[in-house]
Amino acid sequence: MGVNKFTNLEYCNVNGRSLVLDIYVPQLAGEKPPLVIYLHGGEWEIGSNNGYEEVYSVSRPLIENGYAVAIIDYRLYNEAEFPAQIEDCKAAVRWLRANGDNYGFNPEKIGVWGRSIGGHLASLLGTAGDFRGFDVGEYLEYSSKVQAVCDFYGMRDLLEITEANPINYISLEVPPFLMVHGEADIEVPLLQSELLYNALKKFTNQVELYILEGEGHGFDIINQEFHQDVYKQVIDFFNNYLR
């Protein structure tokens with residue numbers, strides 16, 4: 001399968017800071033594939049859209065299963081305080097929706113997948129889709145809502161920044177969620193995902209929490225081959241809600 005690659009595309013510019021994304025679009029005969037946006041991890045302070053191992057492990061199974069992938073850069077916390085990060089993510093969704101036809105993917109079928117702090121931002125994109133307070137910048141005529149959220153061990157209970165807690169924005173319009181968390185995670189305890197899961201269940205049945213016994217934080221990066229069943233779970237989830 002051929003893949004069209006578009007790199008270092010500027011989706012917004014904040015006070016001279018260029019924020020970019022990469023898009024990978026499989027060449028499918030007669031079909032515009034759905035898009036999955038990937039949000040990297042890094043505990044607010046490190047990470048980018050071009051971390052090879054992390055990006056490759058995510059983009060490969062998605063592209064092989066007929067999904068376009070967008071991998072975005074966003075401002076880290078040592079550069080700009082919250083809500084800059086979710087503002088950037090929403091700006092990327094709007095830009096991608098506005099430009100989907102130009103790059104050959106379906107702009108009406110957009111999911112998001114994040115890991116660690118990227119998982120937190122993915123969840124926030126999902127629950128705050130209708131919250132316009134995080135929509136700033138250009139392409140405001142386009143929606144920043146996503147149609148499916150996959151969250152790997154994302155942070156939830158942010159006591160110091162309650163505005164950043166995805167639970168605060170849950171409504172009946174919340175998209176389907178798949179959460180995956182290691183039972184032995186000491187960096188972001190499993191309880192964090194359980195709290196979000198229980199809150200989401202009050203509004204929707206389209207939510208699943210997949211717990212990996214004995215696994216800690218970053219399980220999928222450390223042992224990718226062992227967790228092919230996890231990646232199958234992700235692909236099945238997106239197939240259900242983006243196809």
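The protein's secondary structure comes to six helices and eight strands, and the model described here is a predicted one. Read from the N terminus, its elements follow the order β-β-β-α-β-α-β-α-β-β-α-β-α-α. Of the 243 residues in the protein, 56% are buried, and among the contacts with a separation of 6 or more, 77% are between residues 24 or more positions apart.

**Nonpolar cores**

- The largest nonpolar core holds 47 residues, and the members that touch the most other members are Tyr 11, Leu 21, Ile 23, Ile 37, Leu 39, Ile 72 and Leu 96.
- Helix 2, which runs over residues 84-103, supplies the largest share of this core, with eight residues.
- Ile 23, once its neighbours within four places in sequence are left aside, is in contact with Asn 4, Lys 5, Phe 6, Leu 9, Val 69, Ala 70, Trp 95, Leu 96, Tyr 103 and Phe 105.
- Another core, of 25 residues, lies apart from the largest one, and its members include Ile 71, Ala 148, Val 230 and Leu 242.

**Helix 6**

- Helix 6 consists of 15 residues (residues 228-242), which at 1.5 Å a residue should span 21 Å, and this agrees with its end C-alpha atoms, which are 21 Å apart.
- The buried residues in helix 6 are Val 230, Tyr 231, Val 234, Ile 235, Phe 237, Phe 238 and Leu 242.
- Because these buried residues cover an arc of only 155° around the axis, they lie on the same side of helix 6.
- On the face of helix 6 that is turned away from its buried side, the exposed residues Lys 232 and Asn 240 are found.

**Aromatic rings**

- Across the whole structure, a search finds 14 aromatic pairs.
- One aromatic pair is formed by Phe 131 and Phe 134, whose rings are edge-to-face, with 4.8 Å centre to centre and 75° between the planes.
- The two partners are placed as follows: Phe 131 counts as partly exposed, at 33% relative accessibility, whereas Phe 134 is buried, with a relative accessible area of 1%.
- Tyr 38, Trp 113, Phe 152, Tyr 153 and Tyr 231 are linked into a cluster by ring pairs, and of these residues Tyr 231 is also one of the buried residues in helix 6.
- A ring also takes part in an arrangement with a charge, since the charged end of Arg 243 sits over the ring of Tyr 67, 4.3 Å from its centre.

Methods
Residues are numbered from 1 along each chain as its sequence is written. This is a predicted model: local features need pLDDT of at least 70, side-chain atom pairs count only at pLDDT 80 or more; totals for chains, interfaces and linings use all residues. Side-chain values use heavy atoms; hydrogens and water are left out. A nonpolar core is a set of buried Ala, Val, Leu, Ile, Met, Phe, Trp, Tyr and Cys residues joined through side-chain atoms within 4.5 Å. Buried means under 20% relative accessible area, exposed over 50%, partly exposed in between (1.4 Å probe, protein chains only). Helices (H or I, at least four residues) and strands (E, at least two) are DSSP runs, numbered from the N terminus. Contact means heavy atoms within 4.5 Å. The expected span of a helix is 1.5 Å times one less than its number of residues. The arc is that of the directions from the helix axis to the C-beta atoms. Rings of Phe, Tyr and Trp (its six-membered ring) pair if their centres lie within 6.5 Å; planes under 30 degrees apart count as stacked, over 60 as edge-to-face and the rest as tilted. A charge sits over a ring if NZ of Lys or CZ of Arg is within 6 Å of the ring centre and within 35 degrees of the ring normal.
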